[in-house]
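Subject: The model, and what turned up in it

Hi,

Here is the structure for you to open. Have a look at it first, then read on below.

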Amino acid sequence: MSNLVWTRRGPFAEFDALVRQSFGPATSWPTPGFVPSAEVVKDGDDALVRLDLPGVDVEKDVTVEVERGKLVVSGERRDERAEQTEGRVLREVRYGKFRRSFTLPNHVTGDAISASYDAGILTIKVAGAHANAEVRKIEITK
């Protein structure tokens, strides 16, 4: 029978040290935040990007930008609710920063993009995204 000895540092201290040497301290790792669901659909020549953002103040906490050929939607969700029943308080806090990006066709500029928000859904219209979509068949050779 063998004895397992734990020092004051705990049983995983060596593993922790190895990870910190390889990847840096855990505090520098990005923490996961809120990631809104997204849907991209074709609407004639236009593309519609829909993001599920319930409980978000879009005027204050959401930014829609065109950055280096990408549509970038970023922001922060801060949602706190409290409910009191029978002398007990139930408090729920949901928060997190988010950033979603979508590649734009080369011919699309920021002028072709508009955004609206209704019932928790942010809809971004990219006018003419599919207008110059050319399909070209590539021959396969042997």
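What follows is a run through the sheets, the core and the salt bridges.

A word on the ground rules: this is a predicted model, in which local features need pLDDT of at least 70 and side-chain atom pairs count only at pLDDT 80 or more, while totals for chains, interfaces and linings use all residues. Residues are numbered from 1 along each chain as its sequence is written, and side-chain values use heavy atoms, with hydrogens and water left out.

**The sheets**

Strands here are DSSP E runs of at least two residues, numbered from the N terminus, and two of them count as paired if DSSP finds at least two bridges between them. In general, strands of a sheet pair through backbone hydrogen bonds, either parallel or antiparallel.

One open sheet has 4 strands in the order β1-β2-β7-β6, with antiparallel pairing. Its edges are β1 (38-43) and β6 (113-118), each of which pairs on one side only. Neighbouring strands in this sheet are turned by 20 degrees against each other on average, direction ignored; the axes behind that angle are lines fitted to C-alpha atoms, and angles run from 0 to 180 degrees between N-to-C directions. β6 and β7 (residues 121-126) are joined by 6 antiparallel bridges, and serine 114 sits opposite lysine 125 in β7.

The other open sheet to look at has 3 strands in the order β3-β4-β5, again antiparallel. β3 (62-67) and β5 (88-103) are at its edges with a single partner strand each, so one side of each has no neighbour in the sheet. The twist there averages 10 degrees from one strand to the next. β3 pairs with β4 (residues 70-85) over 6 bridges, and valine 64 has valine 73 of β4 as its bridge partner.

**The loop between β6 and β7**

Alanine 119 lies in this loop. Is alanine 119 buried or exposed? It is exposed, at 73% relative accessible area (buried is under 20%, exposed over 50%, partly exposed in between, with a 1.4 Å probe and protein chains only). Its C-alpha is 9.3 Å from that of glycine 55, though the two are 64 residues apart in sequence.

**The core**

The largest nonpolar core (buried Ala, Val, Leu, Ile, Met, Phe, Trp, Tyr and Cys residues joined through side-chain atoms within 4.5 Å) has 19 residues, and Leu53, Val62, Leu71, Ile124 and Val126 have the most contacts inside it. β2 (46-52), β4, β5 and β7 each supply at least two of its residues. Leaving aside neighbours within four places in sequence, isoleucine 124 has contacts (heavy atoms within 4.5 Å) that include Leu48, Val64, Leu71, Val73 and Ile113.

**The salt bridges**

How many salt bridges does the structure hold? There are 3, counting a side-chain nitrogen of Lys or Arg within 4 Å of a carboxyl oxygen of Asp or Glu.

- Arginine 50 and glutamate 39 meet at 3.1 Å, N to O. Arginine 50 is in β2 and glutamate 39 in β1, so the pair ties together parts 11 residues apart in sequence.
- Lysine 125 and aspartate 46 meet at 3.5 Å, N to O. This pair links β7 to β2, 79 residues apart. Lysine 125 is partly exposed at 35%, whereas aspartate 46 counts as buried at 15%.
- Glutamate 67 and arginine 99 have their closest N and O atoms 3.0 Å apart. They link β3 to β5, 32 residues apart.

Cheers
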